[in-house]
Structures are given as structure tokens and as C-alpha cells.
Amino acid sequence: MNIILWIIIGGVAGWGAEQVMHSNHGILMNILLGIVGAVVLNAIIALAGLALGGILGQLIVAFAGACLLIWLGRRLRHA
């Protein structure tokens with residue numbers, strides 16, 4: 001996947017996670033959350049011996065990973 005596609009998927013996934021998790025981040029943070037969330041969740045999924053392929057699969061993984069990172073960030077701030 002090329003870098004432009006990573007940015008687009010990361011931005012869409014991060015924005016979606018922002019809406020679902022009721023948080024308020026900027027566009028850059030949305031992109032970063034989507035990309036890092038995809039990397040983290042893909043690593044976790046790979047440990048389970050699974051994989052999601054294609055653009056839609058990666059969008060789902062990036063969205064779920066971004067939600068996970070937002071949730072984790074909230075837990076660490078309140079700890």
C-alpha cells in the first residue's frame with residue numbers, strides 16, 4: 001500500500017473513530033491515529049494468526065485500532 005493510500009485510510013479511520021468515541025482531534029491527529037491504530041491492530045491480529053486484506057479490511061482494522069488508541073489514551077490520562 002502506498003503512502004497516499006495510508007494517509008487517506010488513516011484520515012478516514014481516525015475521523016470515524018473520533019466521531020464514535022466523541023473526542024476532538026485535528027486532521028493530523030486523525031491521520032496518525034488511523035495509521036498507528038492500523039499498525040498496532042494488524043500486529044495483534046497477526047499474533048492470532050489472522051489477517052484482513054484489501055482496502056476495506058484495512059479501513060476496518062485502522063478504525064478499530066484508532067478507537068483502541070483513543071480508549072487507551074483516556075485510560076492512561078485518568079490513571
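Modeller: A helix here is a DSSP run of H or I that covers at least four residues, and the helices are numbered from the N terminus. With that in hand, we can say that Trp6 lies in helix H1, always remembering that this is a predicted model.

Biologist: Why is Trp6 called partly exposed?

Modeller: The relative accessible area of Trp6 is 39%, and a residue counts as buried under 20%, as exposed over 50%, and as partly exposed in between. Because 39% falls between those two limits, Trp6 is partly exposed. Val12, also found in helix H1, has a relative accessible area of 45% and is therefore partly exposed as well.

Biologist: How far apart in space are Trp6 and Ile31, which are 25 residues apart in sequence?

Modeller: Trp6 and Ile31 are 8.6 Å apart, C-alpha to C-alpha. For Val12 and Ala62, which are 50 residues apart along the chain, the C-alpha atoms are separated by 8.9 Å, whereas Ser23 and Gly37, 14 residues apart in sequence, are 16 Å apart in space when taken from C-alpha to C-alpha.

Biologist: What makes H1 oblique to H3?

Modeller: Helix H1, which covers residues 3–20, packs with H3 at an angle of about 50 degrees, and their axes are 8 Å apart. Roughly parallel would need an angle under 35 degrees, and roughly perpendicular would need 65 to 115; an angle of about 50 degrees meets neither condition, nor is it over 145, so H1 is oblique to H3. As for handedness, H1 passes H3 in a right-handed crossing.

Biologist: Moving on to the loop between H1 and H2, how do you know that Ser23 is buried?

Modeller: Ser23, found in that loop between H1 and H2, has a relative accessibility of 18%, and since the limit for buried is under 20%, Ser23 is counted as buried. His22 lies in the loop between H1 and H2 too, but its relative accessible area is 71%, which is over the 50% limit, so His22 is exposed.

Biologist: What makes the phi of His22 worth a remark?

Modeller: Most residues other than glycine have a negative phi. His22 is not a glycine, yet its phi is positive, at about 55 degrees.

Biologist: Which residues make the nonpolar surface patch of about 590 Å²?

Modeller: The patch is made by Val36, Val40, Ile44, Leu68, Trp71, Leu72 and Leu76. Two elements, helix H2 (27–47) and helix H3 (54–77), each give two or more residues to it, and H3 supplies the largest share, with four residues.

Biologist: Why can Ile44 belong to such a patch and still be called partly exposed?

Modeller: A residue of a patch needs over 30% relative accessible area. Ile44, found in helix H2, has 43% relative accessibility, which is over 30% but not over 50%, so Ile44 passes the patch limit and counts as partly exposed.

Definitions and conventions
Residues are numbered from 1 along each chain as its sequence is written. This is a predicted model: local features need pLDDT of at least 70, side-chain atom pairs count only at pLDDT 80 or more; totals for chains, interfaces and linings use all residues. Side-chain values use heavy atoms; hydrogens and water are left out. Patches are made of residues with over 30% relative accessible area and no salt bridge: like charges are joined within 9 Å, nonpolar side chains (Val, Leu, Ile, Met, Phe, Trp, Tyr) within 5 Å. Accessible areas come from the Shrake-Rupley method with a 1.4 Å probe; for residues, only the protein chains shown count as cover. A salt bridge is a side-chain nitrogen of Lys or Arg within 4 Å of a carboxyl oxygen of Asp or Glu. Buried means under 20% relative accessible area, exposed over 50%, partly exposed in between (1.4 Å probe, protein chains only). Axes are lines fitted to C-alpha atoms, for helices over the stretch in contact, and angles run from 0 to 180 degrees between N-to-C directions. A crossing is left-handed if the near helix is turned anticlockwise from the far one by less than a right angle, and right-handed if clockwise.
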